[in-house]
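Colleague: Hey, can you walk me through this one? I'd like to start with the aromatic side chains.

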Amino acid sequence: MAIAKAERLMNLALCLLGTRRPLSKRELRDSIEAYVEAPRTDKGAAASDDSFNRMFERDKDDLRELGLVIETVENIDGEVGYLARRDSNRLPAITLDAEEAAALGLAAKVWQQARLAGAASGALQKLRAAGLPEDVDPYEAHGALEPRIPVHEAAFEPLMLACRDRRPVVFDYRKASAARPEPRHVEPWALECWRGHWYLAGFDRDRGAERVFRLSRITGRVRARGTGFTAPVPDVVTVRETVASWAGEIADGTALIRLRSGAGYPLRAKAVRVRELGDGWDELEIPYGHGLDAWLVEFGPDVVVLEPAELRADVVDRLRAVAKG
């Protein structure tokens with residue numbers, strides 16, 4: 001939304017909320033600076049009035065869509081006036097039981113180490129003012145383990161705002177198998193943390209399909225591009241399920257690999273069978289699913305794929321692509 005339009009809508013809402021009697025279009029036109037300064041047409045007063053009427057009706061519809069209850073009242077002279085009664089636009093009192101209050105407090109505590117720490121603290125203060133029980137202290141120690149959602153990636157904040165505002169973005173992204181980043185044009189849908197890493201799900205315009213991006217692989221600055229999405233946003237965005245599938249978490253078979261002794265502990269944790277080969281190597285049987293090749297490449301020369309043949313070929317192709325730079 002353009003800043004000028006947002007300011008005009010805010011001024012109209014304040015006028016309608018602040019009046020004790022219905023205001024006519026004429027009174028609103030004379031009271032709101034944006035309406036007063038609106039360009040007049042060269043085709044006469046009637047055309048100018050038509051232009052204002054269209055603008056006013058659009059603004060009124062936008063405010064109603066945002067949730068403002070605007071009443072239309074006709075006075076004894078037959079003139080139509082508008083107002084937004086405060087009692088009709090006041091949110092109901094917030095009531096929280098002990099479990100709900102504890103959950104909100106815990107959520108605020110989780111964000112204390114992230115970029116949303118300020119927003120979380122402000123929201124908690126507002127909830128306390130609205131009736132959050134004083135005996136619920138989210139900052140009190142609840143045990144040896146404390147929840148945290150770390151956010152170190154500079155891309156998190158601009159992407160979070162882009163998801164909220166439904167604004168397309170452009171960023172440079174380096175795939176696990178690529179030596180150099182490539183520009184990606186994305187319509188961002190949702191951000192989610194999975195196993196200590198943040199991921200963005202969205203519609204990749206260049207590829208014409210849904211994609212998931214790991215924020216730590218975004219290089220440079222996230223730039224906003226244009227307005228509006230070209231693809232519908234799903235009701236449910238399954239980021240974790242998608243990442244788990246791509247990372248080989250959802251396996252439909254097993255693979256046999258050689259792993260250097262003392263290396264690859266994440267692979268050892270997933271192994272269904274381990275056999276010592278000697279000479280500093282072990283043989284592991286691990287779950288095999290989509291995306292396992294990209295994960296194995298991250299272990300470099302510590303891993304050698306024995307079977308299946310297609311997995312070995314995929315890993316070799318990725319290593320060659322990285323070597324070519």
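Colleague: Which residues make up the aromatic cluster with Tyr 35?

Modeller: Tyr 35 shares one cluster with Phe 52, Phe 56 and Tyr 82. Keep in mind that this is a predicted model.

Colleague: OK. How many aromatic pairs does a search of the whole structure find?

Modeller: It finds eight. One of them is Tyr 35 with Phe 52, an edge-to-face pair with 5.2 Å from centre to centre and 80 degrees between the planes.

Colleague: And which helices do Tyr 35 and Phe 52 lie in?

Modeller: Tyr 35 is in helix 3 (residues 33-36) and Phe 52 is in helix 4 (residues 45-65), so the pair ties together parts that are 17 residues apart in sequence.

Colleague: Is Tyr 35 buried or exposed? And what about Phe 52, buried or exposed?

Modeller: Tyr 35 is buried, at 1% relative accessible area. Phe 52 counts as buried too, at 7%.

Colleague: New topic: helix 7. Which of its residues are buried?

Modeller: Helix 7 runs over residues 156-165, and its buried residues are Phe 156, Leu 159, Ala 162 and Cys 163.

Colleague: Why do they line one face of the helix?

Modeller: Looking down the axis of helix 7, you see the buried residues fall within an arc of 130 degrees, so they line one face. There's a general rule to go with that: an α-helix has 3.6 residues a turn, so residues three or four places apart point the same way.

Colleague: What covers those buried residues?

Modeller: The cover includes strand 4 (169-173), strand 5 (182-194), strand 6 (197-204) and strand 8 (218-224). Right after helix 7 comes Arg 166, which has a positive phi, near 55 degrees.

Colleague: Let's do a sheet. What's the strand order in the open sheet of three strands?

Modeller: The order is 1-3-2, and the pairing is antiparallel. Strand 1 (23-24) and strand 2 (71-74) are at the edges with a single partner strand each, so one side of each has no neighbour in the sheet.

Colleague: How many bridges are there between strand 2 and strand 3?

Modeller: Four, with strand 3 being residues 80-83. Glu 74 stands opposite Val 80 of strand 3.

Colleague: Last one, Glu 283. Where is it, and is it buried or exposed?

Modeller: Glu 283 is in strand 11 (residues 281-289). Glu 283 is buried, with a relative accessible area of 10%. Leaving aside neighbours within four places in sequence, its contacts include Leu 256, Arg 273, Arg 275 and Leu 306.

Note on methods:
Residues numbered from 1 in each chain as written. Predicted model: local features only at pLDDT ≥ 70, side-chain atom pairs only at ≥ 80, totals over all residues. Heavy atoms only, no water. Pairing = 2+ DSSP bridges. Helix = DSSP H or I, 4+ residues; strand = E, 2+ residues; numbered from the N terminus. Buried < 20%, exposed > 50% of the residue type's maximum accessible area, 1.4 Å probe, protein only. Arc of directions from axis to C-beta. Contact = heavy atoms within 4.5 Å. Phe/Tyr/Trp six-rings, centres within 6.5 Å; stacked < 30°, edge-to-face > 60°.
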